[in-house]
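Trainee: I am new to this structure and should be grateful for a close look at one part. Which residues make up the largest nonpolar core?

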Amino acid sequence: MGGKLLQIIRQVGIFMICAQMILHFKPSENYGKYIKLLISIMVLVQLFLPAMEIFGGGGNGSFQSKMGFYTDILDKSMEEVNITSVTAEKMLEELTMEEIKTRINNQNLTGEEEKTQEGDAEREGTEAEGNIQIDRIEVGVND
C-alpha cells in the first residue's frame, strides 16, 4: 500500500512538471486559463482513479462495469427515441396528407356549390312568380 501511494505521488508529480512546461510554452496568454482547467481535471482524475481502487475495493473494474451499465441504458434510450421519432414522422405525414386532401375536397365542393347555387338562383327566378331577379341596373343621363 505504501509503495502504491508513493507511485501515485510520483506519477502526479511528473505530470505536474510536464503540465508546467506546457503552460510555459503556451501559444498565447488567452489559452492559459483553459489549459489550467484541463490540467486540473487531469490531476483530479489521476488522483481519483487510484483512490477508488484503494478505498472502493474493485476500483477500475467496478468503474468500468458501471460505465458499461450506463452505456447500455443510454443505447436503449437512444433506440426508443429513434423509434418514437420515426412514428411521429409517419403520423405527421399522415395528418398532413389528410389535411391536404380535406382542403382540396373543400375547394372542389366550394366551386361546385357556387355553380349549383348560381343554377338554383336562375331556376328560382324563372319558376317562382313572386321573385324578382335584377341582374344589373344602369342609371344614365340622356342629353
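**The core and its surroundings**

Mentor: From the N terminus on, the elements of the protein chain run α-α-α. The secondary structure thus comes to three helices and zero strands, where helices (H or I, at least four residues) and strands (E, at least two) are DSSP runs, numbered from the N terminus. The model is predicted, so that local features need pLDDT of at least 70 and side-chain atom pairs pLDDT 80 or more, while totals for chains, interfaces and linings use all residues. Residues are numbered from 1 along each chain as its sequence is written, and side-chain values use heavy atoms, leaving out hydrogens and water.

The core you ask about has eight residues: I8, V12, F15, A19, L23, I35, I39 and V43. A nonpolar core joins buried Ala, Val, Leu, Ile, Met, Phe, Trp, Tyr and Cys residues through side-chain atoms within 4.5 Å. Two elements, α1 (2-24) and α2, give two or more residues to this core. Helix α1 gives the most, with five residues. Within α1, the residues I8, V12, F15, A19 and L23 are buried, that is, under 20% relative accessible area (exposed is over 50%, partly exposed in between; 1.4 Å probe, protein chains only). The 23 residues of α1 should span 33 Å at 1.5 Å a residue, and this agrees with its end C-alpha atoms, which are 33 Å apart; the expected span is 1.5 Å times one less than the number of residues.

Beyond this core, 8% of the 143 residues of the protein chain count as buried. The chain has an accessible surface of about 12,900 Å² (Shrake-Rupley method, 1.4 Å probe), and carbon and sulfur atoms account for 59% of that surface.

Helix α2 (residues 32-56) is also where I41 has its place. I41 belongs to a nonpolar surface patch together with L37, V45, F48, L49 and M52, and the accessible area of these residues comes to about 510 Å². Such a patch takes residues with over 30% relative accessible area and no salt bridge, joining nonpolar side chains (Val, Leu, Ile, Met, Phe, Trp, Tyr) within 5 Å and like charges within 9 Å. I41 itself is partly exposed, at a relative accessible area of 44%.

Helix α3 (residues 60-127) holds both E99 and R103, which are four residues apart and therefore separated by about one helical turn. E99 and R103 form a salt bridge whose closest N and O atoms are 2.9 Å apart; the term requires a side-chain nitrogen of Lys or Arg within 4 Å of a carboxyl oxygen of Asp or Glu. The structure holds one such bridge. E99 counts as partly exposed, at 39% relative accessibility, whereas R103 is exposed, with a relative accessible area of 55%.
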